[in-house]
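Please work through the exercises below with the sequence and the structure at hand. Try each task before you read its solution.

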Amino acid sequence: MHDAKQLREPFLRLSKREDLSMGRKIAVRLAAVVLALIVCGILILSITGMNPITVYVTMISGAFGTRSRVWSTVKEMMMLSCIAVGLAPAFKMRFWNIGAEGQVLIGGIVTAACMINLKDLPAPLLFLAMAVGSVLAGAVWALLPALFKAKWNTNETLFTLMMNYVAIQLTSFFVAKWENPYGSNTVGIINQSTQQGWFPQIAGSRYFCNAVLVLLLAVLMHIYLKYTKHGYEIAVVGASENTARYAGINVGWVMIRTMLLSGAICGLAGFMAVAGASHTISVSTAGGRGFTAIIVAWLAKFDSATMLLISLLLAFLQNGAGEIASKCKLNDYASQMIIGIILFFILGSEFFINYRMIFRGSKKKEV
Amino acid sequence: MQGLVSLFQAAVFFGTVIMFGCIGEILTEKAGNLNLGVPGIMYLGGISSLTAVFIYEGSTPEPNPVICVLLAMVAAFLGGALGGLIYAVLTISLRTNQNVTGLALSIFGSGVANFFGGSLNTLAGRFEQIAVPVTSAAFRKTPPFLSGLGIVGKLFFSYGFMVYLAIILAVICQYFLHHTRGGLNLRTVGENPQAADAAGIDVTKNKYLAICLGAGISGFGGAYYVMDYIKGTWANDGSIEKLGWLAVALVIFTAWRPKAAIWGAYLFGVLYWMYLYIPGLTRASQEIFKMLPYVVTILVLVITSLKNSREKQPPASLGLSYFREER
C-alpha cells in the first residue's frame, strides 16, 4: 500500500493542451512581443541613455516617418516575406532548407548577368530572361540537396547550409569579374544611365512591383498549401513520412517537387532584390534574410498572412533601430540584436500556448 | 619549401578558430542537440573577451599580461556559455525547435557582437581604432626557445598558447566522451534519451551541462580569432560567421570524433588558403578556390550517406527534443 506522504508530487508538471482559444493564443503572442519590446527598450536605454518612449517614437519615425521611409520598410518586408513564402512549403514538409541565402544569391547572379550581358534586348524579353533564369537557378540550387535527400537520405540541413557558401563564393567570383569601376571590388549600379532591366516606377515608387508580386505569391502559396492535392501531400509528408508512404504518396518525388518550387521562389526573390531594388549584386544581396525568413516561416506556421505580419514587424524593427543607431552615431547592427531578442521571446511563447503547467498542490486535475 | 611552411602555418591559425567551435559543437551534438547558433556563440565569445580586456586595458596604465589573458579567456567562456544557456533554456525547457532557435541565436550573437564591436569606442568616448595591444601580444607569444628551432620551430612552435590549448581540449573531449562514465551517459542521452531516462540518467541536466560547456568552448574560438588571428582588433566583415558555419561543417567532416577535429581543422585551413600558393590565379578565380572547404564537406556528407556506415552516423536523436511526458 502506498503511503500518501511518501509519494512526493513533482514541483512542476507539464501537460499538452490544444484547447486554447484563438483569442488567448493571440494574447500570449502579443504579450511576448510587448515583453520583448520592453526588454529591448531597457537595453537601448542602458546603452544610449535615451528615454524608452523617445526610443520607440524615433523607431516609428525611422520606419514610417516619410514616404520614402515607408517604402523602404515595405521593400524590406516584401523581401523577407518573399523568401519566407518560398521556404514555407519546404518547412511544412519538414525539409530543413537552410539554403535560402544561397538560392536568393544565385537568382541574383543570373539576374545581374542578364542585365549586364543582354542589355540590348527589348525590355519584355530581358525581363522574361531574368525571371526565367533566376527561377531556374534557384530551383537547381535547391534540387541538388533534395535529390540526395530523396535518394540516399543525405542530411539536408547541412547540405543546404554548405550550398549557401558555395553560392557566396560564386557571387564573389562574379563581383570580381564584373567589377566596375576597375579595382573597386563592387559591381556598382548596373545600367545606371539606361535603367535597362530595372523594375518600372509605379505609384511613385520603385518597390511597388515588388510589393504586388510578393502579395500575389503569398496568396497563391496560401491556396497551394491549403486547397490543392500537392499541398495536402506536403502536409502528410511533413507529419509523418511513414504514413505518407503507407498512403501511397511517392515521398521522394514530393520532396523533389516541393524543393524545386521552394528554390524557384527564393531565386525569384533574388531577381526582385537585384532588378527591383538594389540594381547591383554583392555577397550581401541576401544579407542574412535567408536565415531570418526561416524563422519567419516557422513562427507563422506557414500561414501567408502571418508571414507578412511578422515580416512587417521585423522590417519595422530593422529600419527603426537603424534610425536610432544613426541618431546616436552607433552602428546599425543594433537592429539584429533587437530582432534576435524578439525572436527568442516569440519562440519561447509557443511553449505557453502548447503546454499547461501544473504546480505542486494545484487543485486542477490533469485531463 | 618556404611556401609550404607558411601554408601550414596559415592553416594552423585558421584551423584553430574552427577547431574550438567544432569541439564545442561535438559536445552539444553528442547530447542530441543540433545547435546552429555556433556562429553567434563564437561572436559572443569574441566580443565578450574583447570588451572585458578593452575595459581593463583602458582603466590601468600598465596592464598585467597574465590578468589580461585570464580575463579574456573567462569572458570568452562566459559569453559563449551565456549564448548556450539561452539556447538550452529555449530548446530544453521551453521545447522550441532546435534549428530555428539556433538560427535566432546566430542572428542575435552577430548583432550583439558587431554592434558592440563597432560602437565600443564611441561608447567609451575614445575615437581611435579599437585595440588591445597588451592582451593580443600575450596571446600571440610563442613558446620560448622552441620557436627558434629552425624549420621544426616554425612548423610546430610558432603559435600562441591557444593553438596548443585547442589540441589539448580535443584530446580531453575525446577521452571524456569515449572513456569515462560521464561521457557514456552523455552519449546515451544523445542516442536514446528515453533509455537514458529509464536508466536514471538526468537527461535535462546532462543536456544543459553539455550545451553550456560546449558553447563556452566554442566561445574560445571567437576569442582566439579576435586576439590572435586579427591581432586584438575588431572587423565588422562577417568573418566569424563564415568560420562558425565551417565549424558546424567540420563536425560532420569529423564524424563527431573530437580527435579527428585536430587534423580536420588544419585540412580545412589548407583548403581555404591553398589559393594563395597556386600560381596564375586571378582575383576572381581565387574566390572559386575558397569554395573548397564547403565543397569537400558536401562531398563528405554525400559519401557518408552513400556508405551508410554505422560508426559515422550522427547521434540517433540529434535534433529531436525529448519530452518525458510524450508517449
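**Exercise 1.** Find which residues Ile294(A) touches, leaving out residues up to four places away in sequence, and then place Ile294(A) within the largest nonpolar core.

*Solution.* In this predicted model, Ile294(A) touches Leu87(A), Ile98(A) and Ala100(A) of chain A, and it also touches Val100(B) and Leu103(B) of chain B. The next step is to turn to the largest nonpolar core, which has 219 residues. Ile294(A) is listed there among the residues that touch the most other members, together with Ile83(A), Val296(A), Ala297(A), Ile23(B) and Leu250(B). Helix α10 of chain A, residues 251-278, gives the most to this core, with 14 residues.

**Exercise 2.** Describe the contact between chain A and chain B, starting with how many residues each chain brings to it.

*Solution.* Begin with the totals: 42 residues come from chain A and 41 residues from chain B. On the side of chain B that touches chain A, the elements that give two or more residues are α3 (65-93), α4 (98-124), α11 (239-253), α13 (283-289) and α14 (292-307) of chain B. Of these, α4(B) provides the largest share, 16 residues. Sorted by kind, the residues on this side of chain B are 23 nonpolar, 13 polar and five charged. As for confidence, the predictor assigns the complex an ipTM of 0.89 and a pTM of 0.90, while chain B averages a pLDDT of 87, with 96% of the residues scoring at least 70.

**Exercise 3.** Work out how the span of α11(B) stands against the expected value, and why α11(B) counts as largely enclosed.

*Solution.* The helix α11(B) has 15 residues, and from its first C-alpha to its last it reaches 20 Å, which is close to the 21 Å expected at 1.5 Å a residue. For the second part, count the buried residues: 13 of the 15 residues of α11(B) are buried, so the helix is largely enclosed by the rest of the structure. After α11(B) comes Ala255(B), whose phi is positive, near 55°.

**Exercise 4.** Decide whether Val134(B) is buried or exposed, and say which residues it touches.

*Solution.* First locate Val134(B), which is found in helix α5 of chain B, residues 133-140. A residue is buried if 20 or more other C-beta atoms lie within 10 Å of its own, and Val134(B) counts as buried because it has 20 C-beta neighbours inside 10 Å. Not counting residues up to four places away in sequence, Val134(B) touches Glu57(B), Pro63(B), Pro65(B) and Cys68(B). Met19(B), finally, is 115 residues from Val134(B) in sequence and 25 Å from it in space, C-alpha to C-alpha.

Methods. Residues numbered from 1 in each chain as written. Chains lettered and ligands numbered in written order. Predicted model: local features only at pLDDT ≥ 70, side-chain atom pairs only at ≥ 80, totals over all residues. Contact = placed C-beta atoms within 7 Å. Helix = DSSP H or I, 4+ residues; strand = E, 2+ residues; numbered from the N terminus. Nonpolar A, V, L, I, M, F, W, Y, C, P; charged D, E, K, R; others polar. Expected span 1.5 Å × (residues − 1). Buried ≥ 20, exposed ≤ 12 C-beta atoms within 10 Å, placed from the backbone. Core = buried A, V, L, I, M, F, W, Y, C linked by C-beta atoms within 7 Å. pLDDT = per-residue confidence, 0-100.
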